[in-house]
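Me: I'd like a close look at one part of this model, namely the buried lysine and what sits around it. Could you walk me through that spot and then link it to the pockets, the cores and any odd backbone geometry?

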Amino acid sequence: MARPHIEPFCDRDTSFKSMVLPGFSRGMSYKMLSLDVDTGACSMTVQLDAGYIQPPGFSWTEREIIVIEGELAIGDRTCRKGHYFFIPAGYAMPSVSSEQGCLILVMYNTAEPSHEEATEHHALAQVDLYHDVDSYMDIPWAMGNVAKPSVASGCLIKLLNFNPQSQAMTFLYCMTPGFYQDNISYHDCAEESYHLWGTSWMMQFGEVPTGGYFWRPAYINHGAFASEYGCIALGRVDSKLFNHFHYNPWTTPVENADRSQARLYNRDPLLYRWAFSTDHNHPHSPEDFETTMSRRGEEGGHDNEHKSDGHRHDHWHGHHHHEKDSHHNHGDHDHS
C-alpha cells in the first residue's frame with residue numbers, strides 16, 4: 001500500500017470538511033486519516049448530520065465501518081456505538097440514515113469512495129463475505145496472544161475480520177488500566193490504529209488520546225507502551241502479524257527488514273532463498289543487528305579504558321606483559 005507513515009496524528013486537532021462526491025447524499029463531512037494516492041483507498045472519520053439519508057446501493061470498493069458515537073440506521077435496524085461492518089465490493093446495502101446524527105470510522109480498502117444506487121448486489125460481489133456485529137456487546141474479549149511472540153499480558157483483543165489468504169486482520173484491542181510493555185517492536189506488515197476511547201502512551205510520541213491515529217508501514221520501530229487508565233482502539237494489519245521484539249529504539253527500517261530476513265534464513269534457509277534470491281542463491285543471510293551488535297566486554301582485550309570498575313586496563317582478559325625471560329612471556333604469540 002502506498003500510504004505514507006502517519007504518526008502521531010489526532011483527528012480532534014483538525015476540522016471536518018464537507019464531502020461532496022458523485023452518488024453520495026449531502027450531509028456528510030469527513031476528516032482524512034490516511035490516503036493511498038495510487039488507488040484512492042483511504043481511512044476517514046465521517047460525521048453524518050441529523051436527518052442524513054443515503055439511498056440503497058453498493059460501493060465499487062471493499063469497505064469497513066465502525067460506529068464511534070451516536071446511532072446509525074441500516075434499513076430498519078438501529079446500530080449503536082461499537083457496531084462493525086465488513087462490506088465486500090458490490091454488496092448492496094439498504095438505505096443508511098441517522099436521525100440524530102452520528103460519527104463513524106470508514107475504511108475504503110481497495111479504491112476511492114463510491115456509491116452506486118442499487119437494490120441488488122453486483123453479479124460479481126462476494127456476498128458471503130459480508131458480516132456485521134455489535135462488537136462491544138456480542139464479542140467477548142480474548143487474550144492478546146493471537147500473534148507469537150505475544151504482547152504483554154493486559155492487552156486484549158476482539159477479532160472482527162480475517163482474510164485467510166493474506167492473513168490480514170481487523171480487530172478491537174484494549175489496554176487494561178496499568179498496562180505496560182517495555183520492549184521495542186516492529187512487524188513485516190503495515191498496521192493501522194484508531195483510538196476509539198481512552199489514552200495510551202508510546203515512548204516515541206508520548207500520549208495518544210481518543211481520536212489518536214496512525215498508519216505505520218512495515219519495519220517501523222514502536223514502543224515501549226503503557227496505559228494508565230486503559231484504552232480501546234480499532235486495529236488493522238494488511239498481512240500476517242508477527243511481533244519482532246528487541247531493545248534498540250535507534251534501528252532503521254532497513255536494519256529491521258534485514259533482521260527479519262536473517263531470522264527467516266535461520267528458521268528456513270530454503271524458504272529464504274526462494275523469497276529473496278534473484279539471480280543467485282545468497283551464501284549467507286542479511287545482518288541480524290542483535291547478533292552482530294557490540295556488547296560490553298567483547299572488545300578483544302586491548303585499549304579498554306575506564307571499564308565498569310573505574311580503572312584503566314591494558315589487558316581486559318586479566319594478565320600483564322612481563323620481561324622476556326619470564327615464564328609468563330607470550331613468546332611469539334601475535335595479538336594483532
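Reply: What follows starts at the lysine and works outwards.

Keep in mind that this is a predicted model. The residue you're after is Lys158, which is found in strand 16 (residues 155-162). Lys158 counts as buried because its relative accessible area is 4%, and the cut-off for buried is under 20%. So what does Lys158 touch, once residues up to four places away in sequence are left out? One group of contacts is Ser135, Tyr136, Ile139, Pro140 and Trp141, and another is Thr170, Phe171 and Leu172. Tyr136 is worth zooming in on: its backbone oxygen lies 3.2 Å from a polar atom of the Lys158 side chain. On the other group, the C-alpha atoms of Lys158 and Leu172 are separated by 5.0 Å, although the two residues are 14 apart along the chain.

Now follow the chain on from strand 16. The loop between strand 16 and strand 17 (169-175) holds Gln167, and here the backbone does something odd. Phi of Gln167 is near 65°, a positive value in a residue that isn't glycine. Most residues other than glycine have a negative phi, and most peptide bonds are trans. As for exposure, Gln167 counts as partly exposed because its relative accessibility is 32%.

The same two strands bring us to the largest pocket: strand 16 and strand 17 each supply at least two residues of its lining, as do strand 20 (191-198) and strand 25 (231-237). That pocket has a volume of about 690 Å³. Its lining runs to 31 residues, and the closest to the centre are Glu62, Phe86, Asn109, Asn163 and Ala168. If you're thinking about the chemistry of the walls, the split is 13 nonpolar, 10 polar and eight charged residues.

The second largest pocket comes in at about 260 Å³. Of the 13 residues that line it, Asp188, Phe242, His244, Ser260 and Arg267 lie nearest the centre. Helix 1 (residues 253-267) gives the largest share of this lining, five residues. By class, you get five nonpolar, four polar and four charged residues there.

Next, the cores. In soluble globular proteins, nonpolar side chains tend to be buried together. Here the largest nonpolar core has 23 residues, with Leu48, Leu72, Phe85 and Ile104 making the most contacts inside it. Two or more residues each come from strand 4 (42-48), strand 7 (63-70), strand 8 (72-74), strand 10 (83-87) and strand 12 (102-108). A second, separate core has 19 residues, including Ile6, Leu105, Tyr194 and Leu234. Back in the largest core, Leu72 is a handy residue to centre your view on. Beyond its neighbours within four places in sequence, Leu72 is in contact with Leu48, Phe85 and Ile104, among others. The contact list of Leu72 also includes Val67, Val96, Cys79 and Cys102, plus Arg77, Thr78 and Ser97.

Finally, the other backbone oddities. The peptide bond from Glu7 to Pro8 is cis, with omega near -5°, and Pro8 sits in strand 1 (residues 6-10). Another cis bond runs from Gly223 to Ala224, with omega near 5°. Ala224 is in the loop between strand 23 (212-216) and strand 24 (225-227). That loop also holds Tyr219, whose phi is near 70°, again positive in a residue other than glycine.

Key. Residues numbered from 1 in each chain as written. Predicted model: local features only at pLDDT ≥ 70, side-chain atom pairs only at ≥ 80, totals over all residues. Heavy atoms only, no water. Core = buried A, V, L, I, M, F, W, Y, C linked by side-chain atoms within 4.5 Å. Buried < 20%, exposed > 50% of the residue type's maximum accessible area, 1.4 Å probe, protein only. Helix = DSSP H or I, 4+ residues; strand = E, 2+ residues; numbered from the N terminus. Contact = heavy atoms within 4.5 Å. Polar contact = N/O pair within 3.5 Å; in protein donor to acceptor, adjacent residues only side chain to side chain. 1 Å grid on protein atoms, 1.4 Å probe; cavity = no way out; pocket = protein on both sides within 12 Å on 5 of 7 lines; lining within 4 Å. Points joined across faces, edges and corners; volume = space filled by probe spheres on them. Nonpolar A, V, L, I, M, F, W, Y, C, P; charged D, E, K, R; others polar.
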